[in-house]
Amino acid sequence: MPTAIAVTSDDLVLPAPDRHTPGAALMHPPEQHDLESALAGTSALLERHGHLVALVPPWLPRSTVQRLHTVRAILETDRIALLDIDLPPLGTALLARQLRQLSVCDFSPGIIASAARLLSHYIYAGALLGSVAKLDRVRVPVGLGSHARSWSPSAQFAVLAHPKPHLAKLGSTGGGRGGRGGSHGASRAVHGTAPAALPAGPDFATHLTFARGQLASDWVAAELGPAWQVQGVMENPLPAASPAWWGTPKLVEFAAGIPDLSVLYQLVASVRREQCRWCGLELIGDRCGFCAAPLTAPPPSAATPAGTGRSRP
């Protein structure tokens, strides 16, 4: 059986692109499953799949993260990888689907786990927002002028959070779902005289996934998709965590990534494979996804006498 790929809510499970891609396992939060149920479910997953790779984004509630670590500790297993992935909710869902695609390939569990960091660099995640008043919390710089314009009821902002932060104020003339003919006005600056700088798109083939919140706009599908020359567009329900992550329910979240399994495979296979010096699993990159050990040992501390392994008191 392929390595199990786990997420913490079913709204992070995007539809499989083909019949070969397996579904995702669910690691339920404490309010949904008690500890006994979580232990039994995780044990069953390990028995069936051998290894489990779970995505742990920083926006998860602390209780959910603690539950994941508690389950791994009680089971005393080195076959569970808890991967810290810093992507918005829809970007996290897209990465989970890519890992699900790769899980049926001939990669070892260690390669699957360490591939998550590599693939995350090729995900473009952002949102169309009606307000950026609370956007600073997601590390996208917001100037005082943009904060002030957020109070306008017709304000719209194109925001890219990953891989490189970008914020552009869009015009207010092209927001409606039925108004595709006027949607080009949404790419004009606030005075309507010059196009706003769209977020720089990927220079490789992608599909675009988007999810609507409480913002009625076709801008993502009608403007951003063609500007980025995406090969396909798919709408998905908005993850429950998205409004809190972006600081507003008035949004349309989007994420673009590589859809083709053969390209994903070549990308991962082209990276040199190493062996973890701690747990012995294969890995790519500079850190093991299962035990988190770095590829190379850190240099000895200046405060550690040679041959003792202990710091000076």
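**View A. The loop that holds P163 in the predicted model.** In this predicted model, P163 is placed in the loop that runs between strand 6 (156-162) and strand 7 (166-170). The peptide bond leading from H162 to P163 is cis, and its omega is near 10°.

**View B. The four-stranded open sheet and the helix packed on it.** The sheet is open and is formed by 4 strands in the order 2-1-3-4, with parallel pairing. Its edge strands, each of which pairs on one side only, are strand 2 (25-26) and strand 4. Helix 1 (residues 35-49) packs on this sheet and touches strand 1, strand 2, strand 3 and strand 4, while its direction makes about 130° with that of strand 3. Within the sheet, strand 1 (residues 4-7) pairs with strand 3 (residues 52-56) in the parallel sense over 3 bridges, and I5 has V53 in strand 3 as its bridge partner. In general, the strands of a sheet pair through backbone hydrogen bonds, in either a parallel or an antiparallel manner.

**View C. Helix 2 and two of its residues, S63 and T64.** Helix 2 lies across strand 3 and strand 4, and runs at about 155° to strand 4. S63 is found in this helix, and T64 is likewise found in helix 2. Leaving aside residues up to four places away in sequence, S63 touches P30 and E31, whereas T64 touches T8, P29 and P30. The C-alpha atoms of S63 and P30 are separated by 6.9 Å, although these residues are 33 residues apart along the chain. S63 is classed as partly exposed because its relative accessible area is 35%, while T64 counts as buried because its relative accessibility is 4%, the cut-off for buried being under 20%.

**View D. E76, a non-glycine residue with a positive phi.** E76 lies in the loop that connects helix 2 (62-75) and strand 4 (80-84). Although E76 is not a glycine, its phi is positive, at about 50°. The relative accessible area of E76 is 73%, so this residue is classed as exposed, for which the cut-off is over 50%.

**View E. A292, in the segment after strand 12.** A292 is found in the segment that comes after strand 12 (282-283). The phi of A292 is near 65°, which is a positive value in a residue other than glycine. With a relative accessible area of 41%, A292 is partly exposed.

Technical notes: Residues numbered from 1 in each chain as written. Predicted model: local features only at pLDDT ≥ 70, side-chain atom pairs only at ≥ 80, totals over all residues. Heavy atoms only, no water. Buried < 20%, exposed > 50% of the residue type's maximum accessible area, 1.4 Å probe, protein only. Contact = heavy atoms within 4.5 Å. Pairing = 2+ DSSP bridges. Axes fitted to C-alpha atoms, helices over the stretch in contact; angles between N-to-C directions.
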